[in-house]
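User: I would like to go through the aromatic contacts of this structure and the reasons behind each label.

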Amino acid sequence: MGKYILKRILSGIVTIWILITACFFLMHSIPGSPFSKGEQGVPEAVMQRLNEKYGLDQPLSVQYVRYLSNILHGDLGISYKNSSVQVNDMIARGFPISGRVGLLAVVFSLAAGIALGITSAIKRGSLFDGISMVVATIGVCVPLFVISVLLLYLFSGILGWLPTYGLSTWKHYILPVVCLSFSPIAYIARMTRSSMLEVMQQDYIRTARAKGVAESMVILKHGLRNAILPVVTYLGTLIANLMTGSFIVERLFAIPGLGKYFVDSITARDYNIIMGVTIFLGIFVVICNLIVDVTYGIIDPRVKIDE
């Protein structure tokens with residue numbers, strides 16, 4: 001197990017390095033500079049001084065080595081649009097907000113998706129199964145911004161039950177969490193249903209029933225435990241994506257989380273913030289996937305980790 005974890009950590013480090021390198025060179029391949037957008041009237045001498053101040057006049061290789069060195073020291077740089085703002089501080093402010101909304105969405109997605117998948121598998125071919133799979137297909141196919149706008153229009157615009165922006169009270173969390181959870185619930189429900197249908201046909205399920213084990217125990221202890229691995233595989237990416245902020249939902253509901261900062265940085269062409277948030281998300285995904293891989297052997301003893 002120790003060698004396996006070490007290999008996964010080294011693989012994660014290489015992945016993060018590739019991500020950092022790709023982000024850096026892609027950002028610097030964009031024509032112009034962070035100060036050129038909307039600044040056409042700025043004299044050339046002023047633009048040159050700005051480039052000198054932030055080291056953008058140096059060779060790209062020098063900038064790359066300096067950026068790598070700063071990241072190794074935990075420094076993601078400063079905002080090009082506001083030199084008093086550190087990217088680290090911006091992430092520290094935005095991530096707890098995104099994380100709070102994302103964690104609620106993860107819990108809701110797992111609870112609703114697994115329950116829906118199990119029920120559909122047990123009632124295979126019934127009206128409930130048909131309706132739930134139609135809803136799951138809609139959740140997979142329809143883009144997030146369409147779902148968000150429709151729910152916002154229905155529950156806030158027409159019915160007036162829920163607030164439209166901010167996170168002041170518990171009611172403010174309902175729409176963002178539901179919007180974030182809609183697609184994951186669909187994925188989890190379909191995966192759980194498919195796995196449960198396969199598992200429930202196994203010999204050990206029939207043996208458990210023949211021994212008189214209660215049906216609820218057969219489903220939850222023997223069936224779900226062996227059918228949950230596909231959901232665990234999806235869980236690593238799900239946690240990373242939801243807890244680091246959905247750009248669309250945070251923008252739509254005016255939530256001051258990580259996603260809002262990322263969208264604003266793209267609009268402002270603030271390279272350091274764009275790269276910082278992207279790298280932070282990449283590191284978070286690598287860590288979540290490492291945890292998920294190690295968890296495999298705990299959930300299902302049949303999974304053998306090759307060292």
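User: Why does Phe 280 count as partly exposed?

Analyst: The model is a predicted one. In it, Phe 280 has 22% relative accessibility; buried would need a value under 20% and exposed one over 50%, so Phe 280 is partly exposed.

User: What makes Phe 95 and Phe 280 an edge-to-face pair?

Analyst: The ring centres are 5.2 Å apart, and the limit for a pair is within 6.5 Å. The planes stand at 75°, and over 60 degrees counts as edge-to-face. The pair is therefore edge-to-face.

User: Which parts does that pair tie together?

Analyst: Phe 95 belongs to helix H4 (residues 87-122) and Phe 280 to helix H13 (residues 271-299), so the contact joins parts 185 residues apart in sequence. Phe 95, at 21% relative accessibility, is also partly exposed.

User: Why is the pair of Phe 155 and Trp 161 called tilted?

Analyst: The angle between the planes is 45°. Stacked requires under 30 degrees and edge-to-face over 60, so the pair falls into the remaining class, tilted. The distance is 6.1 Å centre to centre.

User: Are Phe 155 and Trp 161 buried or exposed?

Analyst: Phe 155 is partly exposed, with a relative accessible area of 25%. Trp 161 is at 56%, and the cut-off for exposed is over 50%, so Trp 161 counts as exposed.

User: How many aromatic pairs are there by this rule, and which residues form one aromatic cluster?

Analyst: The count is nine aromatic pairs. Phe 24, Phe 25, Tyr 64 and Tyr 67 make up one aromatic cluster.

Conventions: Residues numbered from 1 in each chain as written. Predicted model: local features only at pLDDT ≥ 70, side-chain atom pairs only at ≥ 80, totals over all residues. Heavy atoms only, no water. Phe/Tyr/Trp six-rings, centres within 6.5 Å; stacked < 30°, edge-to-face > 60°. Helix = DSSP H or I, 4+ residues; strand = E, 2+ residues; numbered from the N terminus. Buried < 20%, exposed > 50% of the residue type's maximum accessible area, 1.4 Å probe, protein only.
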